[in-house]
Amino acid sequence: MSQQGYVATPPYSQSQPGIGLSPPHYGHYGDPSHAGSPPGMMKPAGPLGAAAPGGMLPQGPSPPGPHQFGQNGAHAQGHPPQRFPGPPPVNSATPSYAPYSPSTQSSYPSPASTASVTQLASQLNAMHINSYGSGMAPPGQGLPGPPAPLFQGLPRPPQPSIMQPGSQVLPPPPTALNGPGSSPLPPSTHRQDGLPGPAPLNAQYQPPPLPGQTLGTGYSPQQAASYGPQMAGGQLSYPGGFPGGPAQMAGPPQLQKKLDPDSIPSPIQVIENDRATRGGQVYATNSRGQVPPLVTTDCVIQDQGNASPRYIRCTTYCFPCTSDMAKQAQIPLAAVIKPFATIPSNETPLYLVNHGENGPVRCNRCKAYMCPFMQFIEGGRRYQCGFCNCVNDVPPFYFQHLDHIGRRLDHYEKPELSLGSYEYVATLDYCRKNKPPNPPAFIFMIDVSYSNIKNGLVKLICEELKTVLEKLPKEEQEETSAIRVGFITYNKVLHFFNVKSNLAQPQMMVVTDVGEVFVPLLDGFLVNYQESQSVIHNLLDQIPEMFADSNENETVFAPVIQAGMEALKAADCPGKLFIFHSSLPTAEAPGKLKNRDDKKLINTDKEKILFQPQTNVYDSLAKDCVAHGCCVTLFLFPSQYVDVASLGLVPQLTGGTLYKYNNFQMHMDSQQFLNDLRNDIEKKIGFDAIMRIRTSTGFRATDFFGGIFMNNTTDVEMAAIDCDKAVTVEFKHDDKLAEDSGALIQCAVLYTTIGGQRRLRIHNLSLNCSSQLADLYKSCETDALINFFAKSAFKAVLHQPLKVIREILVNQTAHMLACYRKNCASPSAASQLILPDSMKILPVYMNCLLKNCVLLSRPEISTDERAYQRQLVMTMGVADSQLFFYPQLLPIHTLDVKSTALPTAIRCSESRLSEEGIFLLANGLNMFLWLGVSSPPELIQGIFNVPSFAHINTDMTTLPEVGNPYSQTLRMIMSIIQQKRPYSMKLTIVKQREQPEMVFRQFLVEDKGLYGGSSYVDFLCCVHKEICQLLN
């Protein structure tokens, strides 16, 4: 393999100080502090069998633009390496990427006319799915001119000649002649199989031009290269150029023979196959490194020494033995941990271990907790730690004799010796100030500005609180909840309420100094609901009347959080703030925000600013909240831009949740909001939590993603963590791993229960280690990989141009698959795409991530919606991210009303819909019922209780209760899909060929995006082409 064809600089490698850098940019994240290395200095060729150590790259000009990121040089100075570089240092001599001027930028070319986009926007606005009225670019702004003409004529792909067990083999990608700005040339150096020949040695890696960016006369044709080095002769690219606009056509009709969508890997097939082989069975966690059933498969999990996959899932269950292997494969080594995951009623809840004043038994050196990985020796008097190998004395109270195989006689009586997950009662040493914590409190904070009073929202919240306060969470054995409650209303000032049980009427105290918030009363603010019920109900009846004549439209926001936190601090307890807020906080106060929603920043280097908070007030406020165990959950009701990137920061960093209801209308949206509120209050939750991840020797946790705050490199601090929140942890090698001992992970979460007890929750998992790349690929889990890639990319959005992030994701996908092809697959024609069995649907999921509105702006999606989706994904577990990126699409017209099983899903593509059909689509945030124009009248009558298609009212957000089997089965299916999800999904009825269908189509993720983003087939071709280039 020629050196030039494949020079990879993977994210794992650690550069040696002094070696210059500037390789082409394949799946490589670096540290921008090294960006300014002089051209001409070279780096040794990357892994994957390139040149011998010391072999240098051919001297060529250093590649341009984003490819000049340094290696993880920071790691050499003791900083943890980062997957995506952070913000460039202030004193950096050169920028970390070549600035490209916004003047050449335009949004993705749109096949729709300006008029239809505006129409779509107004439609969306009416539907309140993704956009606000004011969020749209005015007609003519941000919509590009005509796309550059491309000539496309494609050879017919040969049929695959080899099929290998365990691998998916696909025909070669179609290639198209393409020369924007120059006349098409015949391909001169073409090999027989229709793949480009070798590149000239000094070729530079050029990023593709942004689709729709026409090339000026000053560019050489090379600028137009799609991916990879310049080919001699004509340029090759696949239609639409990734991450492209719609297929760009001018001149002769297309001669393309497309890949058959049925011949490429189907996510539905993979999900159904796993269900068929593993569904409904018992999955025992008794062996190291076994790959669990997919997250979409229902089974019963039996803990036999490793944590259930409901708590921990990994990107691969077999780690490579060396960091060199990890660099070679570029498969991220990560775990997605959901410490408080809900366990179904047919599985055993966690056991609670109580050692009294002695507390948990721990290793003296690494402080790991007693678990199944500890080896007892010397007749049971000592034990060797499985994590650091230190030999410890067994405390006298814990001594037990060993049996003939060296196992303690009480092995099966002690959860911590025989189970993967369990809890300990913590001693006072684990409590703040060494005293037992107080039970947590909930504070409800209602925005009573003019618009919220007028639209009935305040009245709705007050009425609902009477119901939900009856259902405050409580310890299983307790009669009543130990949680105390308090109430604050606010607009430009704050109103605290005294609801002490001996009062006849609640008392209001107003705090007008919002610059320095204080708590005006202690006694009577936080109360037991049962004791003060009549006073509280009295207050909730009075609030809507009290502010009925208020004309105050300005609000504050940061002082509201500050007030709640100060109240919890004064009461010396952790807790949660429920804030109901609806507008941009423009009143004079800390955290005041201005409208900075700027469509002109889209598709420029400055787009990242839209995802960053406007002021650092919220960051320091979040830090204080975490320090005092104050979690913030925010219910937002915006009718225009509210700067979610700023307002959502505190909920994200404190382990709270953000809910958003655009253009809230009582009759349409109240049910969705009330479901969310009830669900949030009743959730299983732990407060004032600290999480520590310990690993066996040879690797360690380096990066953390989630609703977390970190003051140092090891303690993951969370004001609260609930059953829906996951933390994704990335691991890196710091030494070799041994095949015989494997890789061990222990996650310990110290937290306060809703009853005020301090506990430790422990999850243990053992993974295999191998020196064979094939074992690593065999044990991968695509759903967890996508969760990891989404979070690392969404974190990088704050610091890097989106275009660079998208390129990194495409490159790393190609890199992982090229490494498999080169090292694990049997030899075959280069024109074939061979995918490992465990990763065969990685390309389709990766394409869904690349098309998500966070990474690819679309004119009809508001900035707030993008910031909102970014925040949701950062705390998602594997099941939620899987559904979010690849929605569930169910045929309803073929329902078997006698069966309780869900119908088999179909692929998310328009080609799978039929005019005679009715289909239900859900992605965890939205639910659509799509009705074909020729839907059977008896079904329409059965579901909607109207005579025909024309009579259906598409404004309804809940289905009518019609007493027939069709209606009952459909409503049951909808509730099954809903019940496992953290957010209540609002239903939208969509009729075929009517305007709202445009919104629905965005969720058909296998098709080409309306405003850019490839189809699955095109993306597969693009990845195949990248792989071929990496292998040449």
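1. A residue is called buried here when its relative accessible area is under 20%, exposed when that area is over 50%, and partly exposed in between. With that rule in hand, the protein chain, which is a predicted model, can be introduced through its 1032 residues, of which 61% count as buried. The surface that the protein chain exposes comes to about 37800 Å², and carbon and sulfur atoms supply 51% of that area.

2. The secondary structure of the chain is made up of 23 helices and 32 strands. When contacts in the protein chain with a separation of 6 or more are considered, 75% of them are accounted for by residues 24 or more positions apart.

3. A reader new to the structure might begin with one of its sheets, an open one built from three strands in the order 10-11-12, with antiparallel pairing. The edges of this sheet are taken by strand 10 (375-377) and strand 12 (391-393), each of which has a single partner strand, so that one side of each is left without a neighbour in the sheet. From one strand to the next, the twist averages 30°. Strand 11, which covers residues 382-384, is joined to strand 12 by three bridges, and the two run antiparallel; at one of these positions, Arg382 has Asp393 of strand 12 as its bridge partner.

4. Another open sheet has four strands in the order 29-30-31-32, and its pairing is mixed. Here strand 29 (888-891) and strand 32 stand at the edges with a single partner strand each, so one side of each of these strands has no neighbour in the sheet. The twist in this sheet averages 20° from one strand to the next. Within the sheet, strand 30 (residues 918-922) and strand 31 (residues 926-931) run antiparallel and are joined by five bridges, with Phe919 standing opposite Trp930 of strand 31.

5. Strand 32 also takes part in a contact between charged side chains, since its residue Lys986 meets Asp669 in a salt bridge with an N to O distance of 2.7 Å. The pair links distant parts of the chain, with Lys986 in strand 32 (residues 986-991) and Asp669 in helix 13 (residues 666-682), 317 residues apart. Are these two partners buried or exposed? Lys986 is buried, with a relative accessible area of 11%, and Asp669 likewise counts as buried, at 2% relative accessibility.

6. The salt bridges number 44 by the rule applied here, and one of them is formed by Arg310 and Glu347, whose closest N and O atoms are 2.5 Å apart. Arg310 lies in the loop between strand 5 (300-302) and strand 6 (312-314), while Glu347 lies in the loop between strand 8 (334-337) and strand 9 (352-353), so the pair ties together parts that are 37 residues apart in sequence. As to exposure, Arg310 is partly exposed, with a relative accessible area of 26%, whereas Glu347 counts as buried at 8% relative accessibility.

7. Towards the end of the numbering discussed in this note, the side chains of Lys1008 and Asp1018 meet in a salt bridge of 3.2 Å, N to O. The two are 10 residues apart, with Lys1008 in the loop between helix 22 (997-1001) and helix 23 (1016-1031), and Asp1018 in helix 23. Lys1008 counts as partly exposed at 29% relative accessibility, while Asp1018, at 2%, counts as buried. Beyond such pairs, salt bridges that share partners join Lys576, Asp680, Lys683, Asp722, Asp724 and Lys725 into one network.

8. Where do the buried residues of helix 10 lie when the helix is seen down its axis? The residues in question, in a helix that covers residues 617-627, are Tyr618, Leu621, Ala622, Cys625 and Val626. Seen in this way, they fall within an arc of 135°, and therefore line one face of helix 10. These buried residues pack against several elements, namely helix 9 (558-571), strand 20 (630-636), helix 11 (644-647), helix 12 (649-653) and strand 24 (716-722). Helix 10 is followed by Gly629, which has a positive phi near 65°.

Methods. Residues are numbered from 1 along each chain as its sequence is written. This is a predicted model: local features need pLDDT of at least 70, side-chain atom pairs count only at pLDDT 80 or more; totals for chains, interfaces and linings use all residues. Side-chain values use heavy atoms; hydrogens and water are left out. Buried means under 20% relative accessible area, exposed over 50%, partly exposed in between (1.4 Å probe, protein chains only). Contact means heavy atoms within 4.5 Å. Accessible areas come from the Shrake-Rupley method with a 1.4 Å probe; for residues, only the protein chains shown count as cover. Two strands pair if DSSP finds at least two bridges between them. Axes are lines fitted to C-alpha atoms, for helices over the stretch in contact, and angles run from 0 to 180 degrees between N-to-C directions. A salt bridge is a side-chain nitrogen of Lys or Arg within 4 Å of a carboxyl oxygen of Asp or Glu. The arc is that of the directions from the helix axis to the C-beta atoms.
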